[in-house]
Each structure stands twice: as structure tokens, then as C-alpha cells.
Amino acid sequence: MIMKAVLLVNLGSPKDLNLSSIKEYLMEFLTDDNVVDLPKIIQKILVKNIIVPFRSKKTQEAYSSIWKKDGSPLIINTNSLAKKLSEKTNYSVEIAMRYQYPTINEAIEKLINKGCKEIIAVPLYPHYAQSTILTTENKIKEISASLSGDLKLSFIKPFYNQEGYINSLASLIKEGLPSEFDHLLFSYHGIPERHVRNTDPSQKHCLKVRDCCNIKADAHQFCYRHQVLETTKLCAARLNIEKEKWSVSFQSRIGPGWLKPFTDKILDELPKKNIKKLAVVCPAFVADNLETLEEINIRAREQFLENGGIEFTYIPCLNDNNNWVEFLGNYIIQEGE
């Protein structure tokens, strides 16, 4: 009998709060060609001489505001999910980060040493993007090939529209929504528009055809924008929230040419439209991290309230929610058969 195992992979986090660790993390993350996809010489100059020197101190301060006694919230939350998932599936489960520690190399070696011959890799992103799923899959393939020639490797597909995922997300939102709210904002991590065009196999549909996300196309299986909009529509329908009470925005932009509308701009505008009680959820992430805990729950909250908002409710990520664990466990078993 072939022993199966699960490899959960999330984005990454610094090892600690030392500035050297922050810089090391940013360098590895931002020199990935699937993240900053510029000519290599320009990428290196931009990242090494501009972004890391100027951004590292602010990043350190941001991480300091959310850091737990046991370390990075992202790693803590992913570990908690792994423990429950192992109990659900009876598979050996290891976690890794695409960038920094714990490394993919170490996680795969642990599974091989346990006698695992087949690994089901789970990039922990509901939606496909070159800067998340594609780079993670490529790295796992590269490392597994170098470690063991007879290791069987498979990947679960993006689950943005799977009923169990939508049910668990909708249930979490329903639980977190206050009894009275004016608006529910689905804030997704932003990506450059060129990334959406890059992953379109036809190179003719995404952001080139009018209303491209709502016109059926093979490109949708690789289209981040289509998939986040689909998640939102399915979730809002499950919650039975009327269209005027929810919307989509994109956070964490760096420079021009990123998906719109921008979350920070929306936060400025909503109070002017008499939307004073706001709830925000971030479905691009399944585990709370810097972008949710600091960018949204701290900075976005302050921005909304300073602009005239009265109440700001942050709805946490799925983390180790039991409904989510139930879905993911069943999905892994199903995909791994």
C-alpha cells in the first residue's frame, strides 16, 4: 500500500522580527519572477536598491503589531489547520511556506523520511494566480524531483467555486456579521492586470473582451479576477444579501496597473455614501496573516473610522474552522483518489 501524505503550502513569513529576517523574506519573495515579473536586471535593481531598503522597516513595524508569543500568525494558523486536517484524513500532514521557513524542501524530506511515496500538494489559495498557485506548484515540482525520483506528486485544483468551500465561507461570514450592517466588502489581494493576461492560455480573452469575466471561456480556470468574482457572487447568494449591500475590492497594490477598485479608495468613498457600518472579509486568504490582521483589521479600520465610519467589523479568515476542515479534508481525499 502506497502511503499518502499532504503538503500544505502557504505564502510565507519572516522567521522572526529581526530586520535581517524581514529583509531576507522580502528579497526571496520579491525576486520570484512570478511575483515581480520584470526583466531580471530591472527586478534586481528595483528590489535590492529601492523596495527592500525602503520597505523593510515599515514591514517590520507592521509585523510587530500582529506578532504572537509563539511567532507568525500565518504559521500558527496553518499549523492549526494541519493538525485538524491530519485528524480528519488520517494522512501525514506537513506545512511549508513558499518563501522562508518552514521550507518546502524540509517538509518534503520529512514526509519521505516517514515513508510517504505519494504527496498531495495543497497550495492554500482558493483562486488561481501566477504569484500564488503557479509559483508554488513550480517550486514543489522542482524540489520533489531533486529529492526523490519515484515520489508521486499531485495537486488539488483551485476550489473557489466548490460548494463545501462556499458553504464554509458563507457560514463564517454569517457568524461574523453584526445584526445591523450597511455593507459587506469582499476585499481580495490585488495583482497586476498583466498577471491576469499572462495566465490566459488563449491570450485573447482576459481583460481583452468586454465583460470578459461573465462570458464563458476556458481562460476562467486560470483567471484570478473571474474566480474571485465568482466566489463573491456564490457567497452573497448563499447569504441572501441583496446586491447593493456588497461589493468587491482589491488590496495591497504596489504601483499602477493593478486590479481595481482599490480597497483603500473604497474605504474613503463609503462613508460619503452614508455607509457607516461596514463589515470586511478577505477570501483570497484561508489563514489570517499580515494582509488581513494589520492591513485590514488595523489600518483599514482606522481609515474607515477617520473618514466618518461608525462601525468596522473584520471577519476573520477560515483558519481552522471545522466546516472548512471538513470540506478541505474531503476535497483532498477526492482529488487524491
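In which sense do strand β5 and strand β7 pair, and over how many bridges? In this predicted model, strand β5, spanning residues 183-189, and strand β7, spanning residues 277-281, pair in the parallel sense, with four bridges between them. Within this pairing, Phe 186 is placed opposite Val 281 of β7. Both strands belong to an open sheet of four strands, in which parallel pairing gives the order β6-β5-β7-β8. The edges of the sheet are formed by β6 (246-251) and β8 (311-315), each of which pairs on one side only. On average, and with direction ignored, neighbouring strands of the sheet are turned by 25° against each other.

The cysteines were examined next. The structure holds zero disulfides, and for Cys 235 the nearest cysteine sulfur, which belongs to Cys 282, lies 13 Å away. Cys 235 is itself buried, its relative accessible area being 0%. For Cys 282, the closest cysteine sulfur is that of Cys 317, at 6.1 Å, and because this separation is too far for a bond, whereas a disulfide requires two sulfur atoms within 2.5 Å, the two residues remain unlinked. Cys 282 is likewise buried, with a relative accessible area of 2%.

Open space in the model was also considered. The second largest pocket has a volume of about 220 Å³, and 13 residues line this pocket, of which Lys 157, Pro 158, Tyr 160, Gln 221 and Gln 227 are the closest to its centre. Classified by residue type, the lining of the second largest pocket comprises seven nonpolar, four polar and two charged residues.

Note on methods
Residues numbered from 1 in each chain as written. Predicted model: local features only at pLDDT ≥ 70, side-chain atom pairs only at ≥ 80, totals over all residues. Heavy atoms only, no water. Buried < 20%, exposed > 50% of the residue type's maximum accessible area, 1.4 Å probe, protein only. 1 Å grid on protein atoms, 1.4 Å probe; cavity = no way out; pocket = protein on both sides within 12 Å on 5 of 7 lines; lining within 4 Å. Points joined across faces, edges and corners; volume = space filled by probe spheres on them. Nonpolar A, V, L, I, M, F, W, Y, C, P; charged D, E, K, R; others polar. Pairing = 2+ DSSP bridges. Helix = DSSP H or I, 4+ residues; strand = E, 2+ residues; numbered from the N terminus. Axes fitted to C-alpha atoms, helices over the stretch in contact; angles between N-to-C directions.
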